[in-house]
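The following report covers a protein model together with its ligand site. Overall dimensions, strand pairing and unusual backbone geometry are taken up in turn.

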Amino acid sequence: MYNTIIIGAGIAGSVMARKLAEEGGEQVLVLERRDHIAGNCYDKADEYGVLIHEYGPHIFHTGIEEVREYLSRFTDWYDFGHEVVANVHGRLIPIPFNLNTLHMVYEKEQADRLEKKLIEAYGEGSRVPIMKLRENEDADIRQIAEYVYENVFLKYTMKQWGQTPEEISPEVTGRVPVLISRDNRYFQDKYQGVPLYGFTPMFERMLDHPGIEVQTGTDCKDRLSFSADGTVLFDGEPYTGRIVYTGAIDELFDCVYGRLPYRSLNFVFEHYEQDDFQGHSVVNYTVSEDYTRITEFKHLTGQKDAKGTTIVKEYPFAYTGADGEIPYYAILNDKNQALYEKYKALTKRYGNLYLLGRLAEYKYYNIDAMTKHALELADELMAKRA
Ligand SMILES: Cc1cc2nc3c(=O)[nH]c(=O)nc-3n(C[C@H](O)[C@H](O)[C@H](O)COP(=O)(O)OP(=O)(O)OC[C@H]3O[C@@H](n4cnc5c(N)ncnc54)[C@H](O)[C@@H]3O)c2cc1C
C-alpha cells in the first residue's frame, strides 16, 4: 500500500516525504514517535502565548539558493541577521570574536595595531578557527588567541561537550572561528531568519499532500520489525517497499553493540512579566554559570503580540538513553565513528532501507544541509525506481 515508509517527521523525513509524494507520485507513510511533527525544529505558543522553540533555538541560515527556494514554497520568512553576544564576567561582547570585539576588549592604540596584524596575517573577511590562531608565531596574535580561548571558548566548550577542547574533533572546534571583519552576525550566510509564522506551520504545509499520511505518537518499532535474515515486517506482514529511517541507528538494532554517545540538553524555560529580559536573542555564558546560553524568543521570532517574555536556559549533559532524554549532538571521534560503522553494516541486510538525518547518519547537520541532502537522496531514490 505504501511505496515508502519514513521514520521521523523532522526536516529530513518531511522533505523526503514531500518530494517522493509530489514528484514521484508515491504513497508515503510517515511514522513519528513524538506527538508532533517538525522534529527538533518544532515550535509552539507556550501557556503565555509566546512562540517558543521546544528543542532549543533554531535559526534557518543558508547560502544554498535551491534550499531557500524549496522551503520558501511552504513559508514566508522573518529575515534578520542573527547576532549572539557572550557574557564575559558581566560584560556583553559580540561573538564570534571579530574586529568589533577586539576594539571592545583592548585599548584603541593596541586594538588598531592588533587589527592590522590580523588582517596582514589572514586577510580581511577571513574566518580563522581558534585552534589555528593559537598556533600563530606572532606573540601578539597568540595573545588575542589566548583571550578568546580563555574567555569565549574554553569553559563554554567544556560545558557543551564535557571534554577538553583537545579531545574534541577539529570538525567541532573548527566551527568556533575568529572573524577578521566587523560583521557582528553569528552566521555569514546570505539568508538568515525564521519562518514568518513559525517552523511547525512550515512543516504542516510541507506534509500536507494527498500522497502523504502522517501518524504521530507512533514508534516505528511498534509497527516495523527487522529480522536477521533481511525480512522486514510491517504490522506483521512482509513489507517490500522502501524505508527511509531518520531515527537513531543504534536504537534500530536494540543497541546490540552499546549506545552511540551523544550530548543531550536540559531546557529550562522561564517566563517573566516584563517585556524584555536580556535585550538580545541569544546570550552565551562563556566563563560562568552551568548553562551554556539563554535564548529570549521574542528577539528571535520578532513576535509582538504576546505579553511578557519567555526565555530558555540550556544545560548540557551526557546522554544515557534514559526515558525522556533526547540525543542532540553526536560526539564525533574515531572510536564512536567505528561503532557507528558497525551499526551501519547491519543495515546492509535490508536492500530497501535508507539512512537519512542527524541521528541515522550520526552526524551534525544544519537545517539547510539536511534539506539539501534529503532532496538529493530523494532524487536518487526516484531515479532508481524509474
Ligand atoms: C539545540 C540545537 C539547536 C539547533 N539549532 C539550529 C539552528 O539554529 N539552525 C540550523 O540550521 N540547525 C540547527 N540545529 C540542527 C537541526 O536541529 C537539525 O538539522 C535537524 O533537526 C535535523 O533534522 P532531522 O530530521 O535529521 O532530525 P530530527 O529533527 O531530530 O528529527 C528526527 C525525528 O525522528 C523521530 N524518531 C526517532 N526515532 C523514531 C522512532 N523509532 N519512531 C518514530 N519516530 C522516530 C524523532 O522523534 C524526531 O522527530 C540545531 C540542533 C540542536 C540540537
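Which residue stands opposite arginine 293 in β19? That residue is asparagine 284. The coordinates discussed here are those of a predicted model.

The strand pairing around β19 can be followed on both partners. Strand β18 (residues 282-285) pairs with β19 in the antiparallel sense, over 3 bridges. Strand β20 (residues 309-318) also pairs with β19 in the antiparallel sense, again over 3 bridges. In that second pairing, threonine 295 is placed opposite valine 312 of β20. Within β19 (residues 293-296), Arg293 and Thr295 point one way, Ile294 and Glu296 point the other way, and all are buried.

Strand β1 (residues 4-7) pairs in the parallel sense. It is joined by 4 bridges to strand β16 (residues 242-245), and the two run parallel. Another 4 bridges join β1 to strand β2 (residues 28-31), also parallel. Isoleucine 6 stands opposite valine 244 in β16, and isoleucine 7 stands opposite leucine 31 in β2. From β1, Thr4 and Ile6 point one way while Ile5 and Ile7 point the other, and all are buried. Together, β1, α1 and β2 form a right-handed β-α-β unit.

Helix α1 (11-24) also takes part in the ligand site: α1 and α12 (367-385) each supply at least two residues of the shell around the ligand. In total, 34 residues surround the ligand, and the closest are Gly8, Gly10, Gly39, Gly247 and Gly357. By class, the shell residues divide into 16 nonpolar, 11 polar and 7 charged.

As for the whole chain, the secondary structure of the protein comes to 12 helices and 22 strands. The C-alpha trace spans about 75 × 50 × 40 Å along its principal axes. A compact globule of 386 residues would have a radius of gyration near 21 Å; the protein has 22 Å, so the two agree. Of the 386 residues, 39% count as buried.

A similar check can be made on one helix. Helix α4 (residues 108-122) has 15 residues, which at 1.5 Å a residue should span 21 Å; its end C-alpha atoms are 21 Å apart, so the helix agrees with expectation. Just after α4, glycine 123 takes a positive phi of about 90 degrees.

Other backbone angles deserve a look. Most residues other than glycine have a negative phi, and most peptide bonds are trans. The table lists two residues with a positive phi.

| Residue | Phi | Location |
|---|---|---|
| Aspartate 235 | near 50 degrees | loop between β14 (232-234) and β15 (237-238) |
| Tyrosine 362 | near 50 degrees | loop between β22 (353-355) and α12 |

Are these residues buried or exposed? Aspartate 235 counts as exposed because it has 9 C-beta neighbours inside 10 Å, whereas tyrosine 362 is buried because 25 other C-beta atoms lie within 10 Å. The cut-offs are 12 or fewer for exposed and 20 or more for buried.

A cis peptide bond joins isoleucine 95 and proline 96, with omega about -5 degrees. Proline 96 is placed in the loop between β8 (91-95) and α3 (99-105).

Finally, valine 85 is found in strand β7 (residues 84-88). Valine 85 has 21 C-beta neighbours inside 10 Å and therefore counts as buried. Its C-alpha lies 9.0 Å from that of tyrosine 186, although valine 85 and tyrosine 186 are 101 residues apart in sequence.

Technical notes: Residues numbered from 1 in each chain as written. Predicted model: local features only at pLDDT ≥ 70, side-chain atom pairs only at ≥ 80, totals over all residues. Near = placed C-beta within 6 Å. Nonpolar A, V, L, I, M, F, W, Y, C, P; charged D, E, K, R; others polar. Expected span 1.5 Å × (residues − 1). Pairing = 2+ DSSP bridges. Right-handed = clockwise from strand over helix to strand, strands pointing away. Rg over C-alpha atoms; globule rule 2.2 N^0.38 Å.
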